[in-house]
Amino acid sequence: MTEHRLNLTALAASLRGGGHSIFSPSGSPMWLLCSGSLIPNLLMPDTSGIEAAEGTVAHAVAEEWLRSGKKPKHLLGKIECVHDLDPEKFDPDLDDCFKVEITHEMMSYVQEYVDWCSVLPGDHFVETKVYFSEYMPIDEQGGTADHVACWWQHMVITDLKHGKGVPVQAEGNTQGLLYALGFFLLYDWLYNFQTITIRIAQVRLGDFTEWTITREYLLEWAEWARER
């Protein structure tokens, strides 16, 4: 019998121009609980639709708002064109994008998230790329944390969810745990984190949940994730 082995590093380099993490935080509920689903899922065609495009635009509005500290009123009514996220497939000559209007409704939902983040103390980090590669079998594995507030011995991770189809809770949230792990590896030397709070803002459902864990819990969970 011939034994076949898949080169994960080569696969990672081939996906979306090499900028895509195989072990993505958003996909972690799947690959952490059913390791065998990882490769088949990666090889499936991208089926992202208008809902994902709306989420992309809402995140961009939130990022500008949080970075500037001012409501980006100039964006109201603007129509954003969200193309396939795969740069190798992008064709500027084709009108194949999802057109998403920034409405008052979107802005009001985003404000709820922004307000929830803005009142936090400490240093604020917006759309920060973090890595947890040392716990994964290949390099350059990570994700982008929407908002993180840090002060001495404390970290608060807040993830914006614009979708409303499936409720997402903070407790046990593996995506939030991976963001926390990446941020822990990046900044524990500065803040000496002892408590970590993971928060989910599912704004269109009016659902704001949070879950606080200890330093020890995060590191023990990270070892479990390494084994998976």
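In the predicted model, buried residues account for 43% of the 228 residues in the protein chain. The chain contains 7 helices and 7 strands, and from the N terminus on these elements follow the order α-α-α-α-β-β-α-β-β-β-α-β-β-α. Of the contacts between residues at least 6 apart in sequence, 66% join residues that are at least 24 apart.

Strand E5 (residues 154–161) is largely enclosed by the rest of the structure, because 7 of its 8 residues are buried. Strand E4 (residues 142–151) and E5 run antiparallel and are joined by 5 bridges; Ala 149 has Val 156 in E5 as its bridge partner. The hairpin formed by E4 and E5 has 2 residues between the strands, and Gln 153 adopts a positive phi near 70° in this hairpin. With strand E6 (residues 195–202), E5 pairs in the parallel sense over 8 bridges. Within this pairing, Thr 158 is matched with Arg 199 of E6 as its bridge partner. The connection from E5 to E6 passes through helix H6 (residues 174–191), and the resulting β-α-β crossover is right-handed.

Strand E3 (residues 123–131) includes Thr 128. The relative accessibility of Thr 128 is 15%; this value lies under the 20% limit, and Thr 128 therefore counts as buried. When residues up to four places away in sequence are not counted, Thr 128 touches Gly 143, Thr 144, Ala 145 and Phe 183. Gly 143, Thr 144 and Ala 145 fall within the range of strand E4 (residues 142–151), whereas Phe 183 falls within that of helix H6 (residues 174–191).

Helix H5 (residues 104–118) comprises 15 residues and spans 20 Å from its first C-alpha to its last, close to the 21 Å expected at 1.5 Å a residue. The buried residues of H5 are Met 106, Met 107, Tyr 109, Val 110, Tyr 113, Val 114, Trp 116 and Cys 117. One of these, Trp 116, has Arg 199 lying over its face, at 3.7 Å from the ring centre. Arg 199 is also the residue of E6 that serves as bridge partner of Thr 158, and Arg 199 thus features both in the description of the E5 and E6 pairing and in that of the ring of Trp 116.

Aromatic side chains form 9 pairs in the model. Phe 184 and Phe 193 make up a tilted pair, with 6.2 Å from centre to centre and 40° between the planes. Both members are buried: Phe 184 has a relative accessible area of 6%, and Phe 193 has a relative accessibility of 0%. Tyr 187 and Tyr 191 form a further pair, with ring centres 6.1 Å apart; because the planes stand at 70°, this pair is edge-to-face. The two tyrosines, Tyr 187 and Tyr 191, are 4 residues apart in helix H6 and are therefore separated by about one helical turn. Tyr 191 is buried, with a relative accessible area of 6%. Phe 184, Phe 193, Tyr 187 and Tyr 191 belong to one aromatic cluster, which also includes Phe 125 and Phe 183. Phe 183 is, in addition, among the residues touched by Thr 128 of strand E3.

Conventions. Residues numbered from 1 in each chain as written. Predicted model: local features only at pLDDT ≥ 70, side-chain atom pairs only at ≥ 80, totals over all residues. Heavy atoms only, no water. Buried < 20%, exposed > 50% of the residue type's maximum accessible area, 1.4 Å probe, protein only. Pairing = 2+ DSSP bridges. Right-handed = clockwise from strand over helix to strand, strands pointing away. Contact = heavy atoms within 4.5 Å. Expected span 1.5 Å × (residues − 1). Phe/Tyr/Trp six-rings, centres within 6.5 Å; stacked < 30°, edge-to-face > 60°. Lys NZ or Arg CZ within 6 Å of the ring centre and 35° of its normal.
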